[in-house]
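Got your viewer open? Let's take a short walk through some charged side chains, one selection at a time.

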Amino acid sequence: MDFALTEEQTAIFDMAYAFGQDHIAPFARQWEADGTIPKELWPKIGELGFGGLYVSEEAGGSGLTRLDATLVFEALSMACPSVAAFLSIHNMCAKMLDSFGSDDLKSRIMPSILSLETVLSYCLTEPGSGSDAAALKTRAERTNEGFTLNGTKAFISGGGYSDAYVCMVRTGEDGPRGISTVYVEDGTPGLSFGGLEQKMGWKSQPTAQVQFDDCKIPSGNLVGAEGDGFKYAMMGLDGGRLNIASCSLGAAQNGLDMTLQYMSERKAFGQSIDQFQALQFRLADMEIELQAARTFLRQAAWKLDQGAPDATKFCAMAKKFVTETGSKVVDQCLQLHGGYGYLADYGIEKLVRDLRVHQILEGTNEIMRVIVARQMLSNR
């Protein structure tokens, strides 16, 4: 087995890393304080081809593999995991639209999506349905012109900020087979938003409820076949889980790098604290855990690219393992910074706050265990 990145993959990582260090990292704390990401950032990212990372080249996207994409998110999250994760959500939506949208819909919307002139949000979760996503209640009733939407989506990254929303709605009976996917553009009458949520982390991402009150959309905004929306939503989640794991990995690696630098400069008892063997053991443990997480993540991405029958299981395992490892590592980094780690100036406490939610979204880590156990039992 060859674990080395190709020259092209190394170039992809380096390009994303350089962009993040130049255009995101210097401003990440200010954007967190402001509670928003400047809209002018996205077209700059779009110029790199990151608005459609795994949209086919024939459709104008970059046509990258899932493994390639994890490198982008790992590199960008070294600048800010909140910004990197928001880009992951956009890309998950873009892939769904490219894969299942009609030719007419794609010709109308995809150019601005790929350039990131149009930023997308993913709307699945509702106030009463999180892990049990198939229990969603938001309804889309057919009309002569299209659909009328009524209901509420919760915890939506980009709620009130994004330019369009890829929404899972109920068009039929209860359960997953009654769910469809629709595209709702900002400014559509009947579309409104709740107040901004006050969150522990990801503070630069505006998060709000998305509300539909007799919100009317044309029939052409139906994505794919009616009744197949839940299938589309779940197909997008394997890659989304890899991406969010990549964001944990990159942010934790950045935290470890900052900790190594801090420990080489901080003096105690006549020497720099990186010379104390007890602390060296902690550094070694973090390095071992991050390297194991990186290998596991890339194996899962490779399986998804290959269409392996156990790809979903490996994506779930990697998401669970890498996000928990990332949180564990940044918590240790804060501890090794001592009191300074608790101060915003050093950047470590932001990583602790930002990474905690990665164990919840894209399917909670408890649900990841359910997925793994079910596949284990089905293969007995």
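Before we start, keep in mind that this is a predicted model.

**Stop 1: Asp345 and Arg29.** Select Asp345 to begin: it counts as exposed, because its relative accessibility of 60% is over the 50% cut-off. Now add Arg29, which forms a salt bridge with Asp345; the closest N and O atoms are 3.4 Å apart. This pair links distant parts of the chain, 316 residues apart. Arg29 sits in helix H2 (residues 28-34), while Asp345 is in the loop between helix H9 (311-336) and helix H10 (348-356). Is Arg29 as open as its partner, or partly exposed? At 45% relative accessibility, Arg29 counts as partly exposed.

**Stop 2: Lys231 and Asp228.** Next, select these two side chains, which meet in a salt bridge at 3.8 Å, N to O. Lys231 is partly exposed at 45% relative accessibility, and Asp228 is partly exposed too, with a relative accessible area of 24%.

**Stop 3: Arg369 and Glu324.** Move on to this salt bridge, where the N to O distance is 3.3 Å. Arg369 lies in helix H11 (residues 365-378) and Glu324 in helix H9, so the pair ties together parts that are 45 residues apart in sequence. Colour by accessibility here: Arg369 is partly exposed, with a relative accessible area of 40%, and Glu324 counts as partly exposed at 24%.

**Stop 4: a network.** Finally, select Glu32, Glu349 and Arg353 together: salt bridges that share partners join these residues into one network.

How many salt bridges are there to explore in total? The count comes to 16.

Notes. Residues numbered from 1 in each chain as written. Predicted model: local features only at pLDDT ≥ 70, side-chain atom pairs only at ≥ 80, totals over all residues. Heavy atoms only, no water. Salt bridge = Lys/Arg side-chain N within 4 Å of Asp/Glu carboxyl O. Helix = DSSP H or I, 4+ residues; strand = E, 2+ residues; numbered from the N terminus. Buried < 20%, exposed > 50% of the residue type's maximum accessible area, 1.4 Å probe, protein only.
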